[in-house]
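User: I should like to go through the helices of this structure and how they pack. Please reason briefly before each reply.

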Amino acid sequence: MPSEGPGPGPDAAVGPGVPVEGEGQRRLHVLSPVFFATGHALRLWPLGVLVAARRQFWLLGVGALVLLAWSTVEWLRRTYDLEGGALRLEEGVLTRKLRAVPFDRIQQVDLVRKPLHRLLGVATLRVETAGGGKEAEVDLDVVTLAEARDLRSTLLRAKARAVGAVDSRARPGSGSATLPVGGPHAPVGGAGAPTGTGAEAPTDAEVAAFTDAEVAASPPERVLLRLGLGEVMLAGITGSRAAAALVVLGPISQASDWFPGLSDWLFSWFDPEAVTPTTPGAFVAVAVLAAVVWLGLAAASSVVTDYGFTLARTGDDLVVRRGLLERREAVLPLARLQVVRIEESLLRRALGLASIRIQSAGRTGGRDETAGRLAIPVLPRVRVNQVLEELLPGAAPVPRLLLPPRAARRRSVTRSALKATLVMAAIALPLWRLTAVGVLAVPPALVLLALPVLALAAAAGLAGYRSLGHATREGFLYARAGFAIRVTTAVPVAKAQSGSVRSSPFQRRAGLATLHVDIAGGGPTPRVFDESHGTATGLLQVVLGRGRGEVAVRAGVEPQTS
């Protein structure tokens, strides 16, 4: 597939067809009714299937015409403009709704291009705010590709001007005034504005002082990471998609139950006895074929999602492009990054590979995970620190981590052995009952299998302990956990919302505790597991900004490293 090439950065020159503030209302692309009607049809597909089953195809045609007519009216009644320091979208056929997104509240502007978009040369522009919930705050579906890119540049520049006006007025002698809390559109002295400060809304001249030349001073787009087709396929084979492929293969194996005549049709083409493996070589060939299909599905899934993955940086923004059928192009401000997670499975550790997940503030959940939790599918382990430094300046390289105290090792081994014992007991109890009633004859020597199982469980617990660790550096907290998938988390202390030290009764008995760090956005909470209570409390002070940034002392215990 030919590459689309890198799009213009957020600070690219604005084309002549892009609306500017105060220009007036504009409509979406003339093809928008087609996309509206398609969305309505997808929501009504059960009704369509029912009508088709009754062979009332004329009714399907009438329904399609009605949907297209309604979608055309929707298009005529949907307009957008840049007015009053905000992106305004007015829509609704019977009930009118006006939605306004102030420029300074914009968090991310994404470009989404599905196959039909790419065929027709259009795109969907999604504008998100920090409190946008599961869906984007504004969807402009659809506009031309050039207009979408230029409008994204216009919105990001307008955001930079609005935020820059706030920052500059906080500096004495800057020559401009502070915006009220809530941005340039919040009423002076209204809700959220500090009382008694005499804050006044900036004039148009003050906001315009942040000219396009100042915002466009950021460097051109610089590619940080680009994955080839082989690397994308490797990401699917070595990652979680391989396990997901097994979930797909399971239902496929039951296809004959869904289509009763399928087996007869297949057997009419070949003799099942002729292809049934009967020799060791045949069984090996079937196993190899099954593995190829399994890994092929995992690789194909990764290609569909991450084909052409490119991570670039333009000034203080990350630019992400990915996707084979549905091409996504997102601009993520670095200021929104909350946590960076480095994930290494057992297989990837053996191959010298890793993946990176970025948790950011903003929309948490929904069908598009690009904004909330960005994943770099795979990269060489030797490049992790290079990418980490670009994402969180000052965080690389990851320092040597301190192991928890020896009490945590005993706890990890004991927990692993206890879990194995419970599993074996759950298996042994029904076997014992079946043997007692004479249904089965289980030899008593089978109990001896518990010994190697417990030994493996103890080894796994020890490996889990060796995977734990933490470290601090000025401005950063690092935590590591996980054996099968080892996750190293880098947390900027300035992004921590709050923290807590928690301990279960068993932890308290061993003098241990776990530190929880609360951050903005969705995703797992960063944790430092099974540390001594004193160390966990000291780390909490670091998270709260009251510590020295270095916690490596454990009440008379020599720090261990890993």
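User: Which residues of α16 are buried?

Analyst: The model is a predicted one. Buried here means under 20% relative accessible area. In α16, the residues that count as buried are A407, A408, R411, S412, S416 and A420.

User: Against which elements do the buried residues of α16 pack?

Analyst: Contact is taken as heavy atoms within 4.5 Å. On that basis, the buried residues of α16 pack against two helices and two strands: α17 (450-466), α18 (505-510), β20 (512-519) and β21 (527-532).

User: How far apart are the end C-alpha atoms of α16, and what span should its 31 residues have?

Analyst: Helix α16 covers residues 406-436, and at 1.5 Å a residue its 31 residues should span 45 Å. The distance between its end C-alpha atoms agrees with this expectation, being 44 Å.

User: Which residue with a positive phi follows α16?

Analyst: Phi is positive, near 85°, at the residue that follows α16. That residue is G438.

User: What distance does α13 reach from its first C-alpha to its last?

Analyst: Helix α13 runs over residues 280-306, which is 27 residues. At 1.5 Å a residue, 39 Å is expected, and the reach of α13 is close to this, at 39 Å.

User: Which residues are buried in α13, and which residue just after α13 takes a positive phi?

Analyst: The buried residues of α13 are A298, A299, S302, V303 and D306. Just after α13, a positive phi of about 70° is taken by G308.

User: Is α1 oblique or roughly perpendicular to α3?

Analyst: The axes of α1 (residues 32-43) and α3 (residues 57-76) come within 8 Å and cross at roughly 125°. Roughly perpendicular covers 65 to 115 degrees and roughly antiparallel needs over 145. The crossing angle therefore makes α1, relative to α3, oblique.

User: What is the hand of the crossing of α1 and α3, and how many nonpolar residues does their contact have?

Analyst: The crossing is right-handed. From α1, S32, P33, F36, A37, H40 and A41 take part, meeting L67, L68, W70, S71, T72, E74 and W75 of α3. By class, this contact has 4 polar and 1 charged residues, and its nonpolar residues number 8.

User: How is α2 oriented relative to α3?

Analyst: Helix α2 (residues 45-53) packs on α3 at an angle of about 150°, with the axes 8 Å apart. Angles over 145 degrees count as antiparallel in this scheme, so α2 is, with respect to α3, roughly antiparallel.

User: Which residues make the contact of α2 with α3?

Analyst: By class, this contact has 5 nonpolar, 1 polar and no charged residues. Helix α2 contributes G48, V51 and A52, and α3 contributes F57, L59 and L60.

Terms used: Residues numbered from 1 in each chain as written. Predicted model: local features only at pLDDT ≥ 70, side-chain atom pairs only at ≥ 80, totals over all residues. Heavy atoms only, no water. Axes fitted to C-alpha atoms, helices over the stretch in contact; angles between N-to-C directions. Helix = DSSP H or I, 4+ residues; strand = E, 2+ residues; numbered from the N terminus. Parallel < 35°, antiparallel > 145°, perpendicular 65-115°, else oblique. Left-handed = near helix turned anticlockwise from the far one by under 90°. Nonpolar A, V, L, I, M, F, W, Y, C, P; charged D, E, K, R; others polar. Expected span 1.5 Å × (residues − 1). Buried < 20%, exposed > 50% of the residue type's maximum accessible area, 1.4 Å probe, protein only.
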